[in-house]
Amino acid sequence: MRQRTVNINDVKRNISAMKGKNLLLAVNKGRNKITKMQGEIVDVFPSVFTFRAACGDLVSFSYSDVICGDIKFLA
């Protein structure tokens, strides 16, 4: 089990601050499959946040994905 270095409330606050900004995400889908997506955070909910990719796809991620490192925000 991975050690948590950040609080989930801190992650929610940081993601809320990035809402509406153009971002680049790296999503680890397992078995060495890493997908990079460019787009913006559309909505922030108590358990998940939604991300609209530049191609028009709308995907949702949980905050625990960010804490575990499955989702990384790139510069």
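Buried means under 20% relative accessible area. Keep that cut-off in mind for this predicted model, starting with Tyr 63: its relative accessibility is 1%, so Tyr 63 counts as buried.

**The aromatic cluster**

Tyr 63 has company. Ring pairs join Phe 49, Phe 61 and Tyr 63 into a cluster, and the structure holds 2 aromatic pairs. Here they are side by side:

| Pair | Centre to centre | Angle between planes | Geometry |
|---|---|---|---|
| Phe 49 and Phe 61 | 5.8 Å | 45° | tilted |
| Phe 49 and Tyr 63 | 5.7 Å | 35° | tilted |

What does each pair connect? Phe 49 sits in strand 3 and Phe 61 in strand 4, so their pair ties together parts that are 12 residues apart in sequence. The pair of Phe 49 and Tyr 63 links distant parts of the chain as well: Phe 49 is in strand 3, while Tyr 63 is in helix 2, 14 residues away.

The other two rings are tucked in too. Phe 49 has a relative accessible area of 0%, so Phe 49 is buried. Phe 61 comes in at 10%, and that also counts as buried.

**The nonpolar core**

Now for the wider setting. The largest nonpolar core has 15 residues, and Phe 49 and Phe 61 are among those with the most contacts inside it, along with Ile 15, Ile 41 and Phe 51. Which elements feed into this core? At least two residues each come from helix 1 (8-17), strand 1 (22-28), strand 2 (34-44), strand 3 and helix 2 (63-68).

Ile 41 is a good residue to click on if you want to explore that core. Setting aside neighbours within four places in sequence, Ile 41 touches quite a list of residues, including Ile 15, Leu 23, Phe 49, Phe 51 and Phe 73. The list also takes in Met 18, Lys 19, Gly 20 and Lys 21, plus Thr 50.

**Out on a loop**

For a change of scene, look at Asp 57. Where is Asp 57 along the chain? You'll find Asp 57 in the loop between strand 3 (48-53) and strand 4 (58-62). Is Asp 57 buried or partly exposed? With a relative accessible area of 44%, Asp 57 is partly exposed.

Leaving out residues up to four places away in sequence, Asp 57 touches Phe 51 and Arg 52. Phe 51 has come up before, as one of the core residues with the most contacts. As for Ser 16, that residue is 41 residues from Asp 57 along the chain, and their C-alpha atoms are separated by 20 Å.

Conventions: Residues are numbered from 1 along each chain as its sequence is written. This is a predicted model: local features need pLDDT of at least 70, side-chain atom pairs count only at pLDDT 80 or more; totals for chains, interfaces and linings use all residues. Side-chain values use heavy atoms; hydrogens and water are left out. Helices (H or I, at least four residues) and strands (E, at least two) are DSSP runs, numbered from the N terminus. Buried means under 20% relative accessible area, exposed over 50%, partly exposed in between (1.4 Å probe, protein chains only). Contact means heavy atoms within 4.5 Å. A nonpolar core is a set of buried Ala, Val, Leu, Ile, Met, Phe, Trp, Tyr and Cys residues joined through side-chain atoms within 4.5 Å. Rings of Phe, Tyr and Trp (its six-membered ring) pair if their centres lie within 6.5 Å; planes under 30 degrees apart count as stacked, over 60 as edge-to-face and the rest as tilted.
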